[in-house]
Amino acid sequence: MKRLFQSDYGYFTEDGREYVITTHNTPKPWCNVISNGDYGLMVSQTGGGYSWRGNAGQNRITRAFQDLIKDNWGKYIYIRDLDSGKYWSATWKPVEAEYEYYRVRHGIGYTCFEQKVDGIASRLTLFVAPYAPVEIMKLELCNESEKSRRLDVTSYFEWILGFAPDDHREFHKLFIDTRFCPEANALLADKHLWGFPDEKGRHNNVSWDYTAFHAVSENVKSYDADKESFIGMYRDERSPVAMELAELARNTGRFGDGAAALQTEITLGASDSRTVIFTIGAAQKGKEDAIELATKYTSKEAAEKAFEELGHFWAKFIDSERVKTPDPAMDIMTNIWLKYQAISCRLWGKSAYYQVSAGYGFRDQLQDCQIFLSSEPDYARKQILMHAAQQFNEGDVLHWWFTIRGGGPRTKCSDDLLWLPFILDAYLKETKDFKILDERVPYLDTGEDDLYGHCKRAIEKTFLRFSPRGIPLIGDHDWNDGLSAVGNEWKGESFWLAEFFYVVLKNFAPLADMRGDDAFAAKCRIVMDSMKDAVNRHGWDGEWYLQATTDEGEEVGSSRNEEGRIFLNPQVWAVISGIADEERARKCMDSVTKYLLKDYGALLLYPAYTRVRRDIGYITRYAPGLRENGGVYTHAATWAVWAYALMGDAKRAYEAYRRICPPNRSGNLKSYMAEPYVTPGNSDGPVSPYYGRGGWTWYTGSAQWLHNVAVNWILGVRATFEGLEVSPCIPPEWKEYSIWRKFRGATYSITVKNPNSKSTGVTSISVDGKRINGNIIPDFGDNSVHEVEVIM
Ligand code: GLC
């Protein structure tokens, strides 16, 4: 099999579906975030990680503390030779044994650790059952030595059972209750405390709503549910006292420090192999039964069946859209990993090594849910309605909310609420499901309205937040959270917000027309005109657009500033919105090219702030070049691709894309450090001594957007009300590419040919052999496959 993007650390398999890491020693933990939409886990290449149900902040199941250097919290399996006493672990951590080989295969919904230590080959496959709150650890052992071997296999991890992190563990351990259940080969664990108040508002007065279990498929030789007796005082997971004792201590109950360890013994003749299944799960009280779940999933047959289902489960989300281009990085990321990252981590798992979230961001998961549009648009529909329900009667929304029992901050963020109509538009263009506008959704405080009314209220709320000069006010911040002190008094303005709002109004006015809401449609158009005028009058700095003004009237993102002179967003959205005329569009994008488009993508601003500005916000408090402070903030860097493509600047669109497409960093992973198969939230800007270093991987809104700009704006195949538009913006040397996707009930197999080495423009399109006019493929909605040939 061909290996793609091979480096010292690993490679993609030929089909792109697995990233194979060939050493434990990657520059940072390289992870997989696995979720079935309910139960989730994270796992690094050393075996570090943890598990949760719902979200990892309010309902963590196993304990871990964020530490990207030590990466020393995991759910471990020890393998011990009972004759020699030597022991090691099925993952490199915690024992760190010398191996003959070590391979970690991160795949879609699973991770597999393959190694050989002391003549024993082991393969540990870790995954979550697609339809149950159960994770499965399938351990296959093969005796590749010449003599018969007596081994025991011992699992170990710590329970947390509820809110994480539980820093005050000496308090929390007092509420955990464990027992061994011999019929199910399982340890069970309850916690008589969950960090929520009870129905009368009394603190520390509810129990954790689940029973956790840990089970094994083989006879249990011994077990333990106490950290102290397993690890031993002043020792650690690398050399726990349990590995020096014949059997585990069998401590359970109320008086220990809640952990779980199960031990089973096997004998393997030369060349013999054996499979042992461990499971971990959490059963909701009154609805599910821990013993039943443990019994159902803890066998070789059940594990194999669940693994097979897993393939079908993910195929639904991954395989209904496929591109084939001359760029293998684009293919791998677009077809597989970006979808997986956006769904498994951002929308479902909500957790990763760099950030554990307990909730949904109002704007974040709305944007993320666009990943479902071409595969399962119903999931996007649900997400849109879910967010509408987090809106107040006045039109503003929770900045984020907890996914368990709700609640979150009501802030003066100025753009959150507008993402509802913005994403609605993308959903409607994909589906033409105008019925969604009539869905009744309650407001968070009082009353309810249809979705149309919710969006209208978000827009009306924004109408009330304008400066005397006709620019929307920034409030606590706009999309850029770090601009957190610019306009808290509702005086500072955001030019980016004006542009974004312009797009929202442009899309919403026709919906208002459609519903006979003429006065509102007219108002949207009047505001658009006046805003366009105001932005060009007050927001033009000469070579580019300003980002904002502060409550004191200071400009942010101006050539007159010493630091933070030019911001990316107001330039690219001037183009995306159409607020800039041709000349200004060209000028401001030239400025983007000159100041912002660097080796690893477009910087969010330049130059980075080196001095704290109290009147701007925490963006200026980050080290210069990191995150929003002048790093490549991948989420926004994808929008540069969109803007360049709109300008017809195929060369730069592709460069802006290629430089942030992770597999392309495989040549310098030592300095990039991050996983090459998922997007990082950011990479360091040029002023950082670690220029180009990737960080904050997995949990980033850039995954969906990188997919989005590749398909819609480079390959140029995008949903419009009239049908599927094809407007390529590609490198001229590309001879051909294809895209296969579902669209409103039919499937389109589109091949774009470029015989004359063009980068934009379509000469002809034929559908099923017949020429059509223009570049929009009509929507047949007939459940069949249509062959489309596009000649550029
Ligand atoms: C974080 C937030 C996102 C915000 C971005 C830029 O990723 O989750 O909502 O837009 O930062 O500040």
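Two strands are taken as paired if DSSP finds at least two bridges between them. In this predicted model, strand β27 (residues 548-549) and β28 are joined by two bridges and run antiparallel. Within that pair, A548 stands opposite V556 of β28. The pair belongs to an open sheet of three strands, ordered β26-β27-β28, with antiparallel pairing. β26 (493-494) and β28 (555-556) form the edges of this sheet. Each edge strand has a single partner, so one side of each lacks a neighbour in the sheet.

The UniProt record, an unreviewed entry, places the feature "domain: Glycosyl hydrolase 94 supersandwich" at residues 17-299. Strand accounts for 46% of this span and helix for 6%. The C-alpha atoms at its ends are 26 Å apart.

Strand β20 (residues 273-284) lies within the structure's interior: 10 of its 12 residues are buried, so the strand is largely enclosed by the rest of the structure. Burial here means a relative accessible area under 20%. β20 pairs with strand β13 (residues 134-143) in the antiparallel sense, over nine bridges. In this pairing V134 faces G281 of β20. β20 also pairs with strand β17 (residues 210-216). Seven bridges join these two strands, which again run antiparallel. Here Y210 stands opposite Q284 of β20.

F255 offers a case of exposure. This residue sits in the loop between α2 (227-231) and β19 (258-268). Its relative accessibility is 83%, so F255 counts as exposed, the cut-off being over 50%. F255 and D190 are 65 residues apart along the chain, and their C-alpha atoms are separated by 13 Å.

A helix pair comes next along the chain. Two packed helices are described by the angle and the distance between their axes. For helix α4 (residues 300-318) and helix α5 (residues 328-349), the axes come within 10 Å and cross at roughly 105°. That crossing makes α4 roughly perpendicular to α5, since angles of 65 to 115 degrees fall in this class. On the α4 side, the contact is made by F313, W314, F317 and I318. On the α5 side, these meet N335, I336, K339, Y340, I343, S344 and W348. By class, eight of the contact residues are nonpolar, two are polar and one is charged.

A second annotation from the unreviewed UniProt entry, "domain: Glycosyl hydrolase 94 catalytic", covers residues 313-716. This span is 44% helix and 10% strand. Its end C-alpha atoms lie 28 Å apart.

Helix α12 (residues 569-577) is buried along its length. Nine of its nine residues are buried, so the helix is largely enclosed by the rest of the structure. The buried residues are N569, P570, Q571, V572, W573, A574, V575, I576 and S577. Their packing partners include four helices: α8 (419-431), α10 (495-514), α13 (582-596) and α14 (634-646). Strand β29 (566-567) also packs against the buried residues of α12. Just after the helix, G578 adopts a positive phi of about 85°.

Conventions: Residues numbered from 1 in each chain as written. Predicted model: local features only at pLDDT ≥ 70, side-chain atom pairs only at ≥ 80, totals over all residues. Heavy atoms only, no water. UniProt positions renumbered as here; feature names shortened; annotations may be inferred. Buried < 20%, exposed > 50% of the residue type's maximum accessible area, 1.4 Å probe, protein only. Axes fitted to C-alpha atoms, helices over the stretch in contact; angles between N-to-C directions. Parallel < 35°, antiparallel > 145°, perpendicular 65-115°, else oblique. Contact = heavy atoms within 4.5 Å. Nonpolar A, V, L, I, M, F, W, Y, C, P; charged D, E, K, R; others polar.
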